[in-house]
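Please find below my notes on the model, set out as numbered points that can be followed alongside the sequence and the coordinates.

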Amino acid sequence: KTSSSFTAVSEEDSQKCIDAFIYKDALAIENHQRLPVLFCSYNFNPKSSCHQPTFCAQPSFLNMQFYGQNDIMLGHFLERYCFRSSYICPSCNCPMMDHVRRYVHSMGCIQVQLAEDQQKRSPEAGNILITSWCSVCKESTPNVPMSNDTHCLSFAKYLEQRFHGHAYKRREVSVLQDSTVQDEGEKCNHSLHRQHIHYFSHKGIIASFKYSPIEVWEISLPPLVIQLRRAKPYDTNKVLEDIKMFAQKGYEVYAKIYDRLAQISTEVESPKLISLKSLVNRDQMIFKQRVEIVQTLLTEREVNSRDINDAMLMVKRALAESIEVWGPRLHDAETQTKNSSSVDSGEVEEGSESADDVEENNGKGVSQAVDVIQSEKNNKDFFDKKTVKNLLSQLLPSSGHANTLPSPLPLHEHHTLPLGAFPILVHDQDLSSIISYSLMSNDYKKHLEIMASPQASGSTEAGSSPSVKRKNEAGGEKEDRENEKEQDKKGKSSHHIELHFQDSTTQFTCKVYFAREFDLMRNKVLIPPPGRFQTEKDSKQTEDAAEESFKMPIDRMASSSSLGGQSQKVPEYLTAETERVRQSFARSLCRSIQWEAKGGKSGSKFSKTTDDRFVLKEMTKQDVAIFENFAPNYFEYIHDCLHHDKPTLLAKILGVFKVIVKKKDSDREKSVLVMENLFFDREISNKFDLKGSDRNRLVDPTNQEGEIVLLDQNLIQMSWSNPLYILTHSRTILREAIHRDASFLEKNDVMDYSLLVGLDGQEKLLVLGIIDYIRTFTLDKRLESLVKQTGLLGGQGKLPTVISPKPYKQRFSEAMERYFLVVPDRWEGLAKK
């Protein structure tokens, strides 16, 4: 026991000795006999032939001990580094006359510049002359020779006075000593070290020392959780005007239906026409009631813009459904009238279901087309594009009779799709609205329930792809490699959900990648805004024209149970909070607008949701395939950061989707990822896409419109005059986050990612986030890197942007250390890191 306790005490004492040696006492006076500064030097003359867009001396930390290490006498500094005309910069081989030297400490900067002495001062006995000029009252002090004490003053001490001696002012001089002194009221009372510029002249050269305050930025990393907000308040007058104009257009549609029926009734009067008139009266009454609901909501105090938007969509839906139904009805009635055929009341019902008959015929035509294509697989000429198109146009029936009723609704809007949890307007040109509709569909919820059930999930995986199974039995045993690939593909597909829906003109398909995993992640990351939400029961009532359901209170537990179809314990994926998150996310995705970011080199197309919360980025097929392999590790990493509250710079990907839009004359297929908008609710003045490379990383912002994304060399050029300074605590957080994220990406063989930086000048915030982090070092990237390293494509012998993951991580981390400069203060190095 004695020996063990002695060993423990010895280890404790040794640790204290190590800490005392490494971490100095922050309150000890001897530890403050120094001045830590950030020093750099650069060529500031753009007309010079030796001008280079880089620092001659990179910004670096310099610990100046008073009258000791890294210090020099003020006079010797001026004579050696300022007044020698033969002194050449060792980096760019240009005269130091064209350079700027910068010393940064605390919240200020001392800038040293050289110039020719235009006044040609002739100091006595070759001494250095000193003067100062007040930048506020524009007055100068007399030129006086530098004393021997000033000549021997520590240069670090002189800088310390400039940084911390802001209280020093000009001394009062009596009239007996200087008869030319100004009146007391006109004497300069401004700080000698803050408002005054100090000039030292010698041998026809003048050196200026100017103090200026610096802008220090705080950093803003992507939040671990994303707070969603309510929709912006609506403009009552605008909504009133919109509903008034649309109601008028709707009544005009119903008036034309009445006119058409009147024309038919003049020729023949039948029970069918009487039934049709009663039906149009009912439809017009429903439309009128929905218009009145909007007008009533506008008079209430606690109604938000979300409720107004839902009610407006229900009005448009009522009119769209009437146009879709009454076009074929009127056409059939007119045709039967011309043929003088009698129609009984039972036929009225048959005519009202004509749209369903058309859909059934469409389904038969599709299956017939598929059978023909399967039978012609061996014919090589068959797969000519024109041949396939002609065959499909012949086999697939049209959407029915031409709808002769004019519609005030745009053709790309689809209002008659089955209702989900709340009304969603689907634009066939807006992928975001299609995704939003898919996430709120009942089929999507049912698939999630199946995925959440282990038994159902196992049976689905075991029974999937029966055609492959029959093929294996007929063809015998295959190679193990092919079986592994097939099982791997089958396992990945079991994580995805494919949804299909259509109306009379368009077929939609939305494939949700890793549906269960993303749903769980969104439930952890997204925080819905306060307020109620709608349940499946509400949507069914709405579909039956019971609009009052928009204002009914919600029983959260009952609604959660109804989603699962059981009254037992509510599963996690059916809780009220989960449904709130799903609906809030879908509402945010309801509509997006195209967003062109100029300057970047990815060439990808972007769009942003109208609430500015999320960004949609198009993906190639290769990107999707890479993400399928990367996704499991990504989910695990984000979960670890959330669980342990670790800051991360990765801009969170909240969903990956593939959308297919098929019309009679066109097909469109796009894959997109949905990620958080890093610049949400920020006033960003400049944006930078930083990779840590200086090869072809310069954008010319002149003569360009729209949002411009600048690159690495643009940031370096800006750093000459306006560097991005951060404090020590910000550097610590940023360094740890970059190291953690870059290590994770390196393990997954990812490179070519970027740090997106936005400058919020109002809040003095650097908004940061890593983007484009799903690109692995595949064969095409290897070839690209090898070709660029040869120099055949230019690059001035610099390393290409695309290199292997390990050196990319190192270059990226080192560059971010250079781009964001840490401002040292008097406590630098005296605290534990």
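1. Ser-106 is partly exposed, because its relative accessible area of 23% is not under the 20% that would make a residue buried. In this predicted model, Ser-106 belongs to the loop between strand E3 (99-105) and E4, and it takes a positive phi of about 55° although it is not a glycine.

2. A second non-glycine residue with a positive phi is Asp-749, for which the value is about 60°. Asp-749 sits in the loop that lies between helix H22 (728-747) and strand E25 (754-760), and with a relative accessible area of 31% it is partly exposed.

3. Strand E4, which follows the loop of Ser-106, is part of an open sheet of eight strands, arranged in the order E2-E1-E3-E4-E8-E7-E5-E6 with antiparallel pairing. The edges of this sheet are strand E2 (55-65) and strand E6 (144-145), each of which pairs on one side only. Within the sheet, strand E4 (residues 108-116) is joined to strand E8 (residues 205-213) by nine bridges in the antiparallel sense, and Ala-115 stands opposite Ile-206 in E8.

4. Strand E25, which comes after the loop of Asp-749, pairs with E26 in the antiparallel sense over seven bridges, and here Asp-760 has Leu-765 as its bridge partner in E26. The hairpin of E25 and E26 has four residues between the strands, and in this hairpin Lys-764 takes a positive phi near 55°. E26 is also joined by three bridges to strand E9 (residues 216-220), to which it runs parallel, with Val-767 in E26 as the bridge partner of Ser-220.

5. How many of the residues of strand E26 (residues 765-771) are buried? Seven of its seven residues are, and the strand is accordingly described as mostly covered. The cover extends to both faces, with Leu-765, Val-767, Gly-769 and Ile-771 buried on one side and Leu-766, Leu-768 and Ile-770 buried on the other.

6. The largest nonpolar core holds 113 residues, and those that touch the most other members are Phe-627, Leu-755, Tyr-773 and Phe-820. Helix H20 (residues 621-644) supplies the largest share of this core, with nine residues. If residues up to four places away in sequence are not counted, Phe-820 touches Leu-690, Leu-724, Ile-726, Leu-734, Leu-755, Val-757, Leu-766 and Leu-768.

7. Helix H21 (residues 712-721) is largely enclosed by the rest of the structure, because eight of its ten residues are buried. The buried residues of H21 are Asp-712, Gln-713, Asn-714, Leu-715, Ile-716, Met-718, Ser-719 and Trp-720.

8. Helix H12 (residues 442-452) and helix H16 (residues 515-525) have axes that come within 10 Å and cross at roughly 95°, and the two helices are therefore roughly perpendicular to each other. Tyr-444, Leu-448, Met-451 and Ala-452 of H12 make this contact with Ala-515, Arg-516, Asp-519 and Arg-522 of H16. By class, the contact of H12 with H16 comprises five nonpolar and three charged residues, with no polar ones.

9. Finally, Ser-584, which lies in helix H19 (residues 576-588), counts as buried because its relative accessibility is 15%. With its neighbours within four places in sequence left aside, Ser-584 is in contact with Leu-228, Pro-528 and Pro-529.

Methods:
Residues numbered from 1 in each chain as written. Predicted model: local features only at pLDDT ≥ 70, side-chain atom pairs only at ≥ 80, totals over all residues. Heavy atoms only, no water. Buried < 20%, exposed > 50% of the residue type's maximum accessible area, 1.4 Å probe, protein only. Contact = heavy atoms within 4.5 Å. Pairing = 2+ DSSP bridges. Axes fitted to C-alpha atoms, helices over the stretch in contact; angles between N-to-C directions. Parallel < 35°, antiparallel > 145°, perpendicular 65-115°, else oblique. Nonpolar A, V, L, I, M, F, W, Y, C, P; charged D, E, K, R; others polar. Core = buried A, V, L, I, M, F, W, Y, C linked by side-chain atoms within 4.5 Å.
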